[in-house]
Amino acid sequence: MIHRDGIGSFTLDSVAAEAGVSKGGLLHHFPSKERLIETLVSRSIDQWAYECDAAVNAQPEGPGRVARALSAMCLGSPAKWTEQSRRSCAVLIAAIANNPALVAPMRINHRRMLERLRADALPPGTSEIAVLALHGLWFEWLLGLEEMDSGRLARLRDAIDRLLTPDSGGESPHHGKVKERSK
């Protein structure tokens with residue numbers, strides 16, 4: 001609804017009508033528009049944190065585990081890069097732009113992830129640069145500057161995996177030996 005109609009036209013009346021519930025029923029769970037938006041943002045952040053934790057737990061122990069998990073989670077499948085996902089992300093950004101205080105839980109989650117990345121047993125900054133690349137890809141996609149198809153995802157994931165795999169000798173864990181880089 002926010003994506004379709006804009007955050008300015010987002011009212012409890014419109015949400016109740018869209019959801020097919022009475023305004024009183026909606027107010028029982030969300031006593032204000034602000035509380036509804038706070039919940040939307042909080043649930044989005046909690047879902048992201050849950051997915052990150054699951055991705056890390058799926059990776060084998062060792063250097064680069066957290067960053068490799070984020071790479072696998074973000075670049076593992078085109079299913080993450082859908083128009084519905086783009087709209088959901090745009091709604092999150094709109095909500096935070098409308099109320100900058102809503103970024104606080106995102107900062108907490110981000111600091112937690114940075115602590116895990118810094119303890120990832122890779123050379124200083126390596127995990128962080130990989131995640132910054134993922135952030136850049138996300139913004140590029142969110143703004144519609146470039147789309148993500150399976151070929152592009154595979155190339156990007158291989159490049160990030162080479163960065164995150166100590167002593168790989170230039171070998172990608174997914175596609176074998178790659179060309180040596182010129183110095």
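Q: At what angle do H6 and H8 pack, and how far apart are their axes?
A: This is a predicted model, in which local features need pLDDT of at least 70 and side-chain atom pairs count only at pLDDT 80 or more, whereas totals for chains, interfaces and linings use all residues. Residues are numbered from 1 along each chain as its sequence is written, and side-chain values use heavy atoms, with hydrogens and water left out. For H6 and H8 (helices are DSSP runs of H or I, at least four residues, numbered from the N terminus), with axes fitted to C-alpha atoms over the stretch in contact and angles running from 0 to 180 degrees between N-to-C directions, the packing angle is about 100 degrees and the axes are 10 Å apart.

Q: How are H6 and H8 oriented to each other?
A: H6 and H8 pack at about 100 degrees. Because angles of 65 to 115 degrees count as such, H6 and H8 are roughly perpendicular.

Q: Which residues of H8 meet H6?
A: The residues of this contact (heavy atoms within 4.5 Å) divide into six nonpolar, one polar and one charged. From H6 come Ser-85, Arg-86, Cys-89, Ala-90 and Ile-93, and they meet, in H8, Trp-138, Trp-141 and Leu-142.

Q: What is the geometry of the pair formed by Trp-81 and Trp-141?
A: The structure holds two aromatic pairs (ring centres within 6.5 Å, using the six-membered ring of Trp), and in one of them the centres of Trp-81 and Trp-141 lie 5.1 Å apart. Since their planes stand at 85 degrees and angles over 60 degrees count as such, the pair is edge-to-face.

Q: How many residues apart in the chain are Trp-81 and Trp-141?
A: Trp-81 lies in the loop between H5 and H6, while Trp-141 belongs to helix H8. The pair thus links distant parts of the chain, its members being separated by 60 residues.

Conventions: Helix = DSSP H or I, 4+ residues; strand = E, 2+ residues; numbered from the N terminus. Parallel < 35°, antiparallel > 145°, perpendicular 65-115°, else oblique. Nonpolar A, V, L, I, M, F, W, Y, C, P; charged D, E, K, R; others polar. Phe/Tyr/Trp six-rings, centres within 6.5 Å; stacked < 30°, edge-to-face > 60°.
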